[in-house]
Every structure is written in C-alpha cells, then in structure tokens.
Amino acid sequence: MATHFPKGFLWGGATAANQYEGAWQADGKGDSTADHLLGGSVTQPRRFAEDAEQPGYFPAHVASDGYHHTEADIKLMADMGFSVYRLSIAWTRLFPKGDEREPNQAGLDYYRRVFELCRQNGIEPLVTLSHFELPYHLTAAYGGWGDRRLIDFYVHYATTVLREYAGLVRYWITFNEINIGFLLGSYLSLGLPVPDGAVPISTTQTDAALQASLTALHHQLVASAKVVQIAHALDPANQVGCMIAGMVAYPLTAAPADVLLAQRANELNNFYCGDVQVRGHYPAMAKRYWQEHDIQLTVTDADAAVLAAGTVDFYSFSYYSSGTETADADKRELTGNMSVGVKNPYLTYSEWGWSTDPTGLRWYLNTLTSRYELPLMVVENGLGAVDTLTAAGTIEDDYRIAYLREHIQAMSDAIADGVNLIGYTIWGWVDLVSAGTGQMAKRYGVVYVDRDDTGQGTFRRLPKKSYAWYKRVIASNGADLA
Ligand code: P53
C-alpha cells in the first residue's frame with residue numbers, strides 16, 4: 001500500500017514519569033502530587049492521602065519500575081525502530097521540594113543518561129516538563145498553581161533543564177494536557193489542595209471551584225509562555241509545543257441546539273487553552289464563559305504581553321475517543337470513567353467506557369489545521385484493555401492492533417487531506433499505571449510488564465503481538481498496516 005507519511009516522520013511511544021518510573025524516593029527524589037494518590041478502579045475512584053507513607057497502595061511509588069529498567073527499555077524502543085520517545089521529567093528528582101535554588105545532581109545525572117542513551121540509539125527525546133505532577137511541597141505550602149509564585153519556581157526548574165540538556169533535547173512540551181485541570185483534575189494537573197480522602201478527579205465543578213481552577217490555569221499558561229520564550233532565547237533550534245487533551249464532541253442529533261452545544265464543547269475543551277498557547281491570547285468565548293460562571297480573572301498587561309510573546313512552535317495532543325453532546329439534560333450520563341455526555345450509537349466502547357473513533361482523529365487533525373496551520377503531533381493514542389497471558393506465555397492483542405491500525409490509517413488520510421503531521425507516539429508503549437484509575441490492569445503497551453494491581457510482580461518485560469506489528473509499521477513508514 002502507498003503511504004502518505006512524509007520521509008522523516010517521527011514514530012515512537014510515550015510514557016510519563018509518575019506512571020512509569022516508580023523509585024519514588026530514589027537518589028534524593030522528593031514526593032510529587034502523584035505520589036499522594038491511592039489506587040482505584042473503574043467503579044472505585046482514586047483518593048488522595050496527605051501522608052504518602054501511610055499503609056496503602058500508591059501506584060506511582062513503584063509504577064513500572066522504569067527507573068531501574070532504563071537501558072533495557074530503550075533497547076526495546078530501538079529494536080522497534082522508534083525515532084522519537086516522549087517522556088516526562090519528574091520535577092521532584094531535580095527539585096525535591098520545588099522551591100530550592102540548587103538542583104539535585106543525581107536527578108540531573110539520571111535524565112542525562114536517559115537522553116544520551118536515546119541519542120546513541122537514534123531516538124529523539126520529546127520531553128514533557130510537567131506531566132500531571134509537581135512537588136507536593138508546592139501544594140502543601142503554597143496551594144499549588146493557585147499561587148502566582150509557582151510561575152517562578154517552574155521557570156527556574158525549566159530553565160535549569162533547558163540549560164543542562166542543551167543540544168541533547170530539541171523537542172519540548174511545557175505541560176501535559178493543560179486543558180484537563182479545569183475540566184477534570186484540579187489536583188492532578190494544577191496541584192490545588194484537596195482534603196484527605198477526597199476524590200480528586202471529577203467531571204463536575206462548582207463555580208467556586210472553577211474560579212480556583214481557571215486562576216491556577218492562567219498561572220500555568222503564563223509560565224508556559226515564559227518558558228517558550230526562554231527556550232527560544234537559549235537555542236533557536238528548540239521547538240516547544242503545547243499539549244492538549246484532544247476532545248472531539250459530536251452533536252447527538254441534527255437539532256440545532258445539539259449542534260450548538262457540541263460546538264461550544266469543542267471550543268471550550270480545546271481552544272480555551274489552544275488559542276492562548278498558539279495565538280497568544282484568550283479567545284472571545286473565554287470571556288463569555290467567565291461571565292456565565294461569574295469568574296474574575298486577573299490578566300495583567302504584563303501577563304498579556306508574556307502570552308503574546310510566548311506562542312508555541314507546534315501543537316501536540318492526546319487522542320483516545322470522541323464524545324457526544326445532547327441538549328436533552330435527561331439523556332446526559334457518565335459514559336465512561338471520565339466522560340459525561342451520551343453514548344454515540346455509531347461507536348463501540350472499551351471496558352472503561354471510552355469510544356473507539358478513528359474518524360474523530362481525522363476530523364480533529366483537519367480542524368486544528370484550519371484553525372492554526374501549525375505542525376501537529378499526536379503524542380498519545382492507544383487502547384487501554386485487559387491483556388491475558390496465553391498458556392504459551394504470549395499476548396495476542398489483536399484488539400490493540402486493530403485500534404492502532406485504524407488510527408494510523410486516519411492519520412494517513414488526514415495527511416492526504418493536507419494536514420502537516422510530524423509525529424506519532426503511542427501512549428504507554430510499555431504497560432504503565434493509568435492516570436485516571438491508578439490501575440495496571442488498564443494496559444496500553446505493546447510491551448507487557450509483569451505486575452498486578454497491588455504492585456506485585458517481577459517487572460519482567462514481554463513484547464506482545466502488537467510489538468512486532470508496530471515494528472513493521474515503522475519500518476515501512478506507515479505503508480504496512482496489515
Ligand atoms: P488513563 C482524561 C481524558 C483523556 C486523557 O488515561 C487523560 C485523562 C486524564 O486521565 O489523560 C491522558 O491512564 C494522560 C495520561 C493518561 C492517558 O491519557 O486514565 O496524559 O497520563 O495515562 C490515559 O487510561
């Protein structure tokens with residue numbers, strides 16, 4: 001089959017430090033907000049614990065033990081032919097509390113080794129500076145991103161990283177899924193304090209909670225723009241992107257009220273943050289939204305100037321599924337462990353209630369191209385599913401192959417539509433802890449990790465059937481999807 005993927009297209013996979021590395025107290029690492037989250041399931045939400053050393057299961061403490069599997073895991077990626085690896089730096093390995101001036105040398109050394117190994121294996125690192133975590137001390141002592149001083153702490157951390165790894169890393173993402181903070185996770189993404197025992201991931205927020213989330217988000221957006229400017233000033237070769245949770249909303253019917261609602265959801269969920277990071281200012285709809293929810297946001301002239309000067313070089317996003325909107329309030333329901341709306345009768349749903357919709361990815365890529373005309377990267381995509389070892393000790397994950405095949409085909413079609421897509425990193429290329437539920441049983445990897453939902457196992461790596469398949473896809477630059 002012919003391929004539309006351009007020469008030099010970046011193929012790879014992604015992880016996040018707190019879901020993959022474990023080793024939560026190794027070599028001087030401090031505890032991050034993620035280290036305070038207990039395990040959950042699709043029916044049992046994760047809870048927050050102030051004391052991260054109390055008895056109980058904290059998935060991030062061990063995760064996939066990536067910290068102790070660095071060489072082997074990079075070899076596996078190289079063997080698959082990866083040209084890019086998206087990973088995040090744990091802020092707490094460098095600044096255990098977040099407000100220190102001097103970084104922890106052991107933390108700097110660890111990531112230097114990771115980046116050098118990537119380079120030696122022909123893999124371009126794509127580095128997320130903050131992926132759903134910050135030093136817990138910044139939450140406990142400052143109130144997380146609700147405090148403006150976080151901007152300076154983050155800029156200091158980011159500048160340290162940019163200087164330290166100059167020449168080793170060229171592709172940067174400032175914040176993972178920056179739009180999730182006000183939609184789902186004010187603790188997860190913004191580090192806003194929550195009471196002990198609380199469920200920190202929620203699909204509903206009061207206006208007061210929104211006020212706090214949007215204020216904190218504004219601080220992140222300013223911090224992001226500052227870091228974009230610093231990265232460019234330090235080295236014009238640095239490419240910095242935003243990272244948005246890609247959310248596609250369809251109207252349930254052609255009723256104009258449904259269509260309008262879906263449009264508003266698409267605008268709010270994606271472009272509230274996207275416009276700030278790409279265009280350098282809040283879109284008109286943001287002001288309407290603030291009025292409707294009685295939000296008072298302080299955007300100083302200095303903030304506005306920073307936002308305008310710190311626009312990104314590329315737009316990256318995660319894409320898993322699409323949602324459906326209805327104006328009929330009676331029909332709205334919880335469709336998955338984290339999505340509200342209504343089920344789409346034309347789509348099938350995973351065990352976690354997430355729809356499979358490759359056409360939505362093509363729609364999203366085209367929508368972004370029309371709006372921004374920027375290079376795009378799909379930096380998370382994959383299927384969270386239960387995998388079972390066969391008697392022969394293999395994992396025949398044809399469902400995952402089918403999911404990935406359809407989404408790669410959709411990307412190929414979008415490129416033929418005229419989209420400038422430059423890279424693709426599958427989420428959780430190696431099994432890791434779910435952010436939403438804290439489970440290991442929700443597996444995304446093309447490589448299996450032997451451990452269960454209580455943290456027990458050998459942590460042995462085992463390539464699944466999808467591993468050999470993805471390797472062929474990469475070798476053929478997307479031509480061989482069979
Ligand atoms: P899990 C919500 C909606 C879509 C993606 O999610 C989301 C979230 C927040 O969890 O998160 C991203 O692990 C995130 C990753 C995460 C992945 O999607 O809940 O960037 O950290 O693991 C998948 O199945």
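**Salt bridges across the chain**

In this predicted model, Arg461 and Asp73 form a salt bridge whose closest N and O atoms are 2.9 Å apart. The two partners belong to distant parts of the chain, since Arg461 sits in strand β16 (residues 461-463) and Asp73 in helix α2 (residues 70-80), with their positions 388 residues apart in sequence. Arg461 has a relative accessibility of 13% and therefore counts as buried, because the cut-off for that class is under 20% relative accessible area. Asp73, with a relative accessible area of 0%, is buried as well.

A second pair is made by Glu380 and Arg86, where the closest N and O atoms are 2.9 Å apart. Glu380 lies in strand β13 (residues 376-380) and Arg86 in strand β2 (residues 84-88), so this salt bridge ties together parts of the chain that are 294 residues apart in sequence. Both Glu380 and Arg86 are buried.

Turning to Asp303, its salt bridge is with Arg148, and the closest N and O atoms are 2.6 Å apart. This pair, too, links distant parts of the chain, with Asp303 in helix α11 (residues 301-309) and Arg148 in the loop between α5 (136-142) and α6 (149-164), 155 residues apart. Here the surroundings of the partners can be set side by side: Asp303 is buried, with a relative accessible area of 4%, whereas Arg148, at 36% relative accessibility, counts as partly exposed.

Beyond these pairs, Asp387, Asp397, Arg400, Asp431, Arg443 and Lys464 are linked in a network of salt bridges. A search of the whole structure finds 27 salt bridges.

Conventions: Residues numbered from 1 in each chain as written. Predicted model: local features only at pLDDT ≥ 70, side-chain atom pairs only at ≥ 80, totals over all residues. Heavy atoms only, no water. Salt bridge = Lys/Arg side-chain N within 4 Å of Asp/Glu carboxyl O. Helix = DSSP H or I, 4+ residues; strand = E, 2+ residues; numbered from the N terminus. Buried < 20%, exposed > 50% of the residue type's maximum accessible area, 1.4 Å probe, protein only.
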